[in-house]
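The following paragraphs offer a guided reading of one protein model. Please keep the sequence and the structure in view while reading.

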Amino acid sequence: MTKTKNGAVGGASKEAKRLAAMLLDVLAGSRTPPQAAEALGVSLPRYYQLEDRGLNGLLAACETRPRGRQATIETQLHMLTKENEQLKRAMARQQSLVRLTQRTVGVAPPAAAKATGKRRKRKPSVRALRRANRLRQESEGEAGTEVPGVGTE
């Protein structure tokens, strides 16, 4: 709805203006609700529904609104995108300063981390124990006796 110079509502339909005039007449006391319902051509319960909707609209319009421009999703997205670009530029600047400082001081840059995925580390085993177990199995297979002094683990 738009207001004209004299304060009248410009975008409302003819029917809406007629209903608003009837509601105001009833609220002012110049008509009774049954008279307004008859003039509008609706039943009395329907008139009360329309009156309730009109009063709720009036109350909603009377709520105080926050001042200034309100942030919408689009403006927040734009602001976050802009901040992200600024942070990327700052990070690139810091990285170049670190590289320059490392070159000046003579420190080698750290090695890049390998992307190994989710491979599990192999459990370390002592080569001597593995070799001893293999020799024990081979000797048992051939001679059928244990090799003295070599323990199993």
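At what angle do helix H1 and helix H3 pack, and how far apart are their axes? The model, which is a predicted one, gives an angle of about 90° between helix H1, residues 14-28, and helix H3, residues 44-62. The axes of these two helices are 11 Å apart. Helices H1 and H3 are therefore roughly perpendicular to each other, since angles of 65 to 115 degrees count as such.

The residues that form this contact can be named on both sides. Helix H1 contributes Leu19, Met22, Leu23, Val26 and Leu27, which meet Tyr47, Leu50, Glu51, Gly54 and Leu55 of helix H3. By class, the residues of the contact of H1 with H3 comprise 8 nonpolar, 1 polar and 1 charged.

One participant on the H3 side, Glu51, can be followed further. Glu51 lies in helix H3 and has a relative accessible area of 16%. Buried means under 20% relative accessible area, and Glu51 is therefore buried. When its neighbours within four places in sequence are left aside, Glu51 is in contact with Leu23 and Val26; both of these residues belong to the H1 side of the contact of H1 with H3. In sequence Glu51 is 18 residues apart from Pro33, while in space the C-alpha atoms of the two residues are 9.4 Å apart.

Pro33 leads to the next helix, for it is one of the residues of H2 that meet H3. Helix H2, residues 33-40, packs with H3 at an angle of about 95°, and the axes of the two are 9 Å apart. That angle makes H2 roughly perpendicular to H3. On the H2 side, Pro33, Pro34, Ala36, Ala37 and Leu40 take part, meeting Leu44, Tyr47 and Tyr48 of H3. The contact of H2 with H3 consists of 8 nonpolar residues, with no polar and no charged ones. Tyr47 of H3 thus appears in the contact with H2 and also in the contact with H1.

Further along the chain is helix H4, which covers residues 73-105. What span should its 33 residues have, at 1.5 Å a residue? The expected value is 48 Å, and the end C-alpha atoms of H4 are 47 Å apart, which agrees. Just after H4, Gly106 takes a positive phi of about 95°. Gln102, a residue of helix H4, is buried, with a relative accessible area of 19%. Apart from its neighbours within four places in sequence, Gln102 is in contact with Val107, Pro109 and Pro110.

It remains to consider the protein as a whole. The protein has 5 helices and 0 strands, and from the N terminus on its elements run α-α-α-α-α. Of its 153 residues, 9% count as buried; Glu51 and Gln102 are buried residues described above. Among the contacts with a separation of 6 or more, 18% are between residues 24 or more positions apart. The accessible surface of the protein comes to about 14100 Å², and carbon and sulfur atoms account for 56% of that surface.

Note on methods: Residues numbered from 1 in each chain as written. Predicted model: local features only at pLDDT ≥ 70, side-chain atom pairs only at ≥ 80, totals over all residues. Heavy atoms only, no water. Helix = DSSP H or I, 4+ residues; strand = E, 2+ residues; numbered from the N terminus. Expected span 1.5 Å × (residues − 1). Buried < 20%, exposed > 50% of the residue type's maximum accessible area, 1.4 Å probe, protein only. Contact = heavy atoms within 4.5 Å. Axes fitted to C-alpha atoms, helices over the stretch in contact; angles between N-to-C directions. Parallel < 35°, antiparallel > 145°, perpendicular 65-115°, else oblique. Nonpolar A, V, L, I, M, F, W, Y, C, P; charged D, E, K, R; others polar. Areas by Shrake-Rupley, 256 points an atom, 1.4 Å probe, with all protein chains shown as cover.
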